[in-house]
Amino acid sequence: MHIQDYVAAIIFGAIIGVVARIILPGRQPIGLILTVLIGMGAAVAGTWAADRWDLHSDKHLVVRGHEYDWLVIGVQVGIAVVGVAIAALLARAFSSDDDRHHHDYYRN
């Protein structure tokens with residue numbers, strides 16, 4: 001792997017994470033870095049799952065010479081949605097009442 005492969009993985013992970021946040025209704029109290037990390041993990045897990053269960057289509061997206069299977073992307077985004085939802089639930093569960101009150105006070 002070359003440095004551009006790592007950069008592409010980070011960018012692709014960021015896109016998957018952001019798409020997951022857009023799909024999920026409501027606000028998620030997690031930051032951009034965690035969103036990108038979840039997206040990167042989802043990209044890896046989704047690729048593995050698609051290969052494991054032979055989930056591939058004949059529809060592809062080509063970006064700068066890299067070919068992406070739309071069904072694999074769907075699996076990756078689905079895993080990212082679940083990951084972002086779990087992270088948001090954990091963030092809410094572990095935030096104190098003072099944090100929530102402070103946030104609500106300044107939101108109104």
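This is a short walk through the fold, the core and a few individual residues of one protein chain.

Hi everyone, thanks for coming. Before anything else, please keep in mind that what you see is a predicted model.

Let's begin with the overall layout. The protein chain has 108 residues, and 25% of them count as buried. Its secondary structure amounts to 4 helices and 2 strands. Reading from the N terminus, the order of elements is α-α-β-β-α-α, so you can follow along on the picture as I go. About 7700 Å² of the protein chain is exposed, with carbon and sulfur atoms supplying 66% of that area. As for how the chain folds back on itself, take the contacts between residues at least 6 apart in sequence: 62% of these join residues at least 24 apart.

Now to the inside. Which residues have the most contacts within the largest nonpolar core? That core has 13 residues, and the ones with the most contacts inside it are Phe12, Ile16, Ile30, Ile38, Ala80 and Val84. At least two residues of this core come from each of three helices: H1, covering 3–23, H2, covering 32–52, and H3, covering 70–94. The largest share is from H3, which gives 5 residues.

Let me stay with Phe12 for a moment. Setting aside residues up to four places away in sequence, Phe12 touches Ala43, Tyr68, Ile73 and Gln76. Tyr68 in that list deserves a second look, and it brings us to the aromatic pairs. There are 2 of them in the count. Phe12 and Tyr68 make a stacked pair, with 5.0 Å from centre to centre and 10° between the planes. Phe12 sits in helix H1 and Tyr68 in strand E2, 56 residues apart, so this pair links distant parts of the chain. Is Tyr68 buried, exposed or in between? Its relative accessible area is 23%, so Tyr68 is partly exposed; the buried class stops under 20%.

The other pair is Trp48 with Trp53. Their ring centres are 5.7 Å apart and their planes stand at 80°, so this pair is edge-to-face. Trp48 counts as exposed because its relative accessibility is 52%. Trp53 also counts as exposed, at 52% relative accessibility.

On to the strands. E1, residues 60–63, and E2, residues 66–69, pair in the antiparallel sense over 4 bridges. If you want one bridge to find on screen, look for His60, whose partner in E2 is Asp69. The hairpin leaves 2 residues between the strands, and there Arg64 takes a positive phi near 50°.

That leads to a backbone point. Most residues other than glycine have a negative phi. Asp54 is not a glycine, yet it has a positive phi of about 50°. Where is Asp54 found? It is in the loop between H2 and E1. With a relative accessible area of 61%, Asp54 is exposed.

I'd like to close with two polar residues that are covered up. Thr35 lies in helix H2, and it counts as buried because its relative accessibility is 1%. What does the side chain of Thr35 meet there? It makes a polar contact of 3.0 Å with the side chain of Arg21. A polar atom of the Thr35 side chain also lies 2.8 Å from the backbone oxygen of Gly31. Leaving out neighbours within four places in sequence, the contacts of Thr35 are Gly17, Val18, Arg21 and Ile30. You'll remember Ile30 from the list of residues with the most contacts inside the core.

The second one is Gln28, in the loop between H1 and H2. Although it is in a loop, Gln28 is buried, with a relative accessible area of 9%. Again leaving aside neighbours within four places, Gln28 is in contact with Arg21, Val84, Ala88 and Arg92. So Arg21 appears once more, in contact with Gln28 and joined by its side chain to Thr35. Gln28 and Arg92 are 64 residues apart in sequence, while their C-alpha atoms are 8.8 Å apart in space. Closer to home, a polar atom of the Gln28 side chain lies 3.4 Å from the backbone oxygen of Pro25.

That's my tour. Thanks for listening, and I'm happy to take questions.

Notes:
Residues are numbered from 1 along each chain as its sequence is written. This is a predicted model: local features need pLDDT of at least 70, side-chain atom pairs count only at pLDDT 80 or more; totals for chains, interfaces and linings use all residues. Side-chain values use heavy atoms; hydrogens and water are left out. A nonpolar core is a set of buried Ala, Val, Leu, Ile, Met, Phe, Trp, Tyr and Cys residues joined through side-chain atoms within 4.5 Å. Buried means under 20% relative accessible area, exposed over 50%, partly exposed in between (1.4 Å probe, protein chains only). Contact means heavy atoms within 4.5 Å. Two strands pair if DSSP finds at least two bridges between them. Rings of Phe, Tyr and Trp (its six-membered ring) pair if their centres lie within 6.5 Å; planes under 30 degrees apart count as stacked, over 60 as edge-to-face and the rest as tilted. Accessible areas come from the Shrake-Rupley method with a 1.4 Å probe; for residues, only the protein chains shown count as cover. A polar contact is a pair of N or O atoms within 3.5 Å; within protein, one must be able to donate a hydrogen and the other to accept it, and residues adjacent in sequence count only if both atoms are side-chain atoms.
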